[in-house]
Amino acid sequence: SSTNFLLKGDGKTSPCPACQRVSCISLPLWTDMEHKWWYCDDCSSASAFPRLDEETGYYDMLTITCPDNTQVSVELGDSATDDKEWLENKLAGYCRMNCASLYRH
């Protein structure tokens, strides 16, 4: 039974690392990922370094450090902006769209 499985843990680590992923549901179900009330991933811990294009004065690329500490570079294309606060507010969404793993390991 599941109770026996969970009782085999040492109290410090989870006997079921994947259980976090199945024990949470991002809601509401009828909205797209950008409009959920909460998320079950670790993208809120992602960080990024924006690249500033000196000619245009716009941030045109983000190098994101994903929750699992891998890095991914994202060209912003039509979303290039001079508003660093806007980028900060959109970072978790860029994480969800571009990081291979959305969870800390």
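Is T81 buried or exposed in this predicted model? T81 is buried, with a relative accessible area of 11%. The legends below begin with the whole chain and then turn to single sites.

**Figure 1. The whole chain is built from three helices and three strands.** The model shown is predicted. Read from the N terminus, the order of the elements is α-α-β-β-β-α. The chain has 105 residues, and 30% of them count as buried. Its accessible surface is about 7600 Å², and carbon and sulfur atoms make up 53% of that area. Among contacts with a separation of 6 or more, 38% are between residues 24 or more positions apart.

**Figure 2. T81 lies in the loop between strand 3 (71-75) and helix 3.** T81 counts as buried because its relative accessible area, 11%, is under the 20% cut-off. Which residues is T81 in contact with, leaving aside its neighbours within four places in sequence? They are Y58, Y59, W86 and L87. Of the elements named here, strand 2 covers residues 58-65 and helix 3 covers residues 84-98.

**Figure 3. A patch of negative charge on the surface brings together D82, D83, E85 and E88.** One of these residues, E85, belongs to helix 3 (residues 84-98). E85 has a relative accessible area of 57%, so this residue counts as exposed.

**Figure 4. D41 and R96 form a salt bridge between their side chains.** The N to O distance is 2.7 Å. The two residues stand 55 residues apart and link distant parts of the chain: D41 is in the loop between helix 2 (19-22) and strand 1 (47-53), while R96 is in helix 3. Are D41 and R96 buried or exposed? Both are buried. This pair is one of four salt bridges in the structure. Side chains of opposite charge can pair when their charged atoms come close.

**Figure 5. R51, D60 and E75 are joined into one network by salt bridges that share partners.** Between E75 and R51, the closest N and O atoms are 3.8 Å apart. That pair links distant parts of the chain, with E75 in strand 3 and R51 in strand 1, 24 residues apart. R51 also forms a salt bridge with D60, and there the closest N and O atoms are 3.0 Å apart. The members of the network can be listed by their accessibility:

- D60 is buried, with a relative accessible area of 15%.
- R51 counts as partly exposed, at 35% relative accessibility.
- E75 is exposed, with a relative accessible area of 53%.

Why does E75 count as exposed? Its relative accessible area of 53% is over the 50% cut-off, and therefore E75 is placed in the exposed class. R51, at 35%, falls in between the limits for buried and exposed, so R51 is called partly exposed.

**Figure 6. N69 has a positive phi although this residue is not glycine.** Where is N69 found? N69 sits in the loop between strand 2 (58-65) and strand 3. The phi of N69 is near 70°. Most residues other than glycine have a negative phi. N69 counts as exposed because its relative accessibility is 64%.

Notes. Residues numbered from 1 in each chain as written. Predicted model: local features only at pLDDT ≥ 70, side-chain atom pairs only at ≥ 80, totals over all residues. Heavy atoms only, no water. Patch = residues over 30% accessible without salt bridge, like charges linked within 9 Å, V, L, I, M, F, W, Y side chains within 5 Å. Areas by Shrake-Rupley, 256 points an atom, 1.4 Å probe, with all protein chains shown as cover. Lys, Arg positive; Asp, Glu negative; His and termini not counted. Charge placed at Lys NZ, Arg CZ, Asp CG, Glu CD. Helix = DSSP H or I, 4+ residues; strand = E, 2+ residues; numbered from the N terminus. Buried < 20%, exposed > 50% of the residue type's maximum accessible area, 1.4 Å probe, protein only. Contact = heavy atoms within 4.5 Å.
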